[in-house]
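Trainee: Could you take me through one single part of this model in detail, and then set that part against the chain as a whole?

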Amino acid sequence: MNKALFLDRDGVINKDTAYLHKVENVEFVDGIFDLCKIATEKGFLIIVVTNQGGIAMGNYSEKEMRNVHNYIREEFAKKEIEISKFYFCPHHPNAAIDKFKADCGCRKPNPGMLLRAQRDFNIDFSRSVMVGDKKSDRILIDGLKSYIVKSEYCFENYDVENLREIIEKL
């Protein structure tokens with residue numbers, strides 16, 4: 001079985017600019033490449049799990065989101081880090097676009113995206129880690145270690161100040 005480093009996107013991989021959908025606005029979080037490089041050296045798969053309610057709200061399209069994901073993947077590859085897969089949830093219970101209006105099992109904090117990744121990559125949650133910057137990124141799956149980084153969304157009850165602290169725990 002494989003182990004995975006699950007990463008939220010906005011606020012963990014890239015700075016959260018609210019509804020990021022343009023490649024030119026991507027700015028990487030300090031320490032993200034170091035964290036992922038060490039994780040891959042330790043045998044972790046890198047998997048991104050991200051709520052993308054901006055699609056449901058009509059703020060940007062899936063195509064625009066995929067362009068951002070492709071850019072992130074390319075920038076990681078330049079550092080010899082492979083992102084195994086991006087999983088995203090385009091749903092939101094208050095969506096402006098009807099086809100995305102749902103309170104679904106894949107929208108974090110629900111575990112749907114991680115469960116799909118487990119099936120796709122034969123992942124052992126007891127050897128895996130989830131990193132987010134919001135309380136909704138704390139996915140409650142037996143055995144999964146889940147860390148919340150201090151952020152503009154989480155000033156208290158966070159687990160670590162920065163990504164370097166997670167590196168020490170891997």
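Mentor: In this predicted model, Asp8 sits in the loop that runs between strand S1 (3-7) and helix H1 (32-41). Its relative accessibility is 4%, and because the cut-off for a buried residue is under 20%, Asp8 counts as buried. The side chain of Asp8 has a polar partner, since a polar contact at 2.7 Å links it to the side chain of Lys108. If neighbours within four places in sequence are set aside, the residues in contact with Asp8 include Ile13, Val49 and Thr50, then Lys108, and further along the sequence Met130, Val131, Gly132, Asp133 and Asp137.

As for the chain around this residue, it holds five helices and five strands, and read along the sequence these elements follow the pattern β-α-β-α-α-β-α-β-β-α. The radius of gyration is 15 Å, close to the 15 Å that the globule rule gives for 170 residues, so the protein chain is as compact as a globular protein of that length. Along its principal axes, the C-alpha trace spans about 40 × 35 × 35 Å.

Asp8 belongs to the buried residues, which make up 49% of the 170 in the protein chain. Of the contacts between residues at least 6 apart in sequence, 62% join residues at least 24 apart. Turning to the surface, the chain exposes about 8400 Å², of which carbon and sulfur atoms supply 45%. On the charge side, there are 26 positive and 27 negative side chains, and the centres of these two sets lie 3 Å apart.

Conventions. Residues numbered from 1 in each chain as written. Predicted model: local features only at pLDDT ≥ 70, side-chain atom pairs only at ≥ 80, totals over all residues. Heavy atoms only, no water. Helix = DSSP H or I, 4+ residues; strand = E, 2+ residues; numbered from the N terminus. Rg over C-alpha atoms; globule rule 2.2 N^0.38 Å. Buried < 20%, exposed > 50% of the residue type's maximum accessible area, 1.4 Å probe, protein only. Contact = heavy atoms within 4.5 Å. Areas by Shrake-Rupley, 256 points an atom, 1.4 Å probe, with all protein chains shown as cover. Lys, Arg positive; Asp, Glu negative; His and termini not counted. Charge placed at Lys NZ, Arg CZ, Asp CG, Glu CD. Polar contact = N/O pair within 3.5 Å; in protein donor to acceptor, adjacent residues only side chain to side chain.
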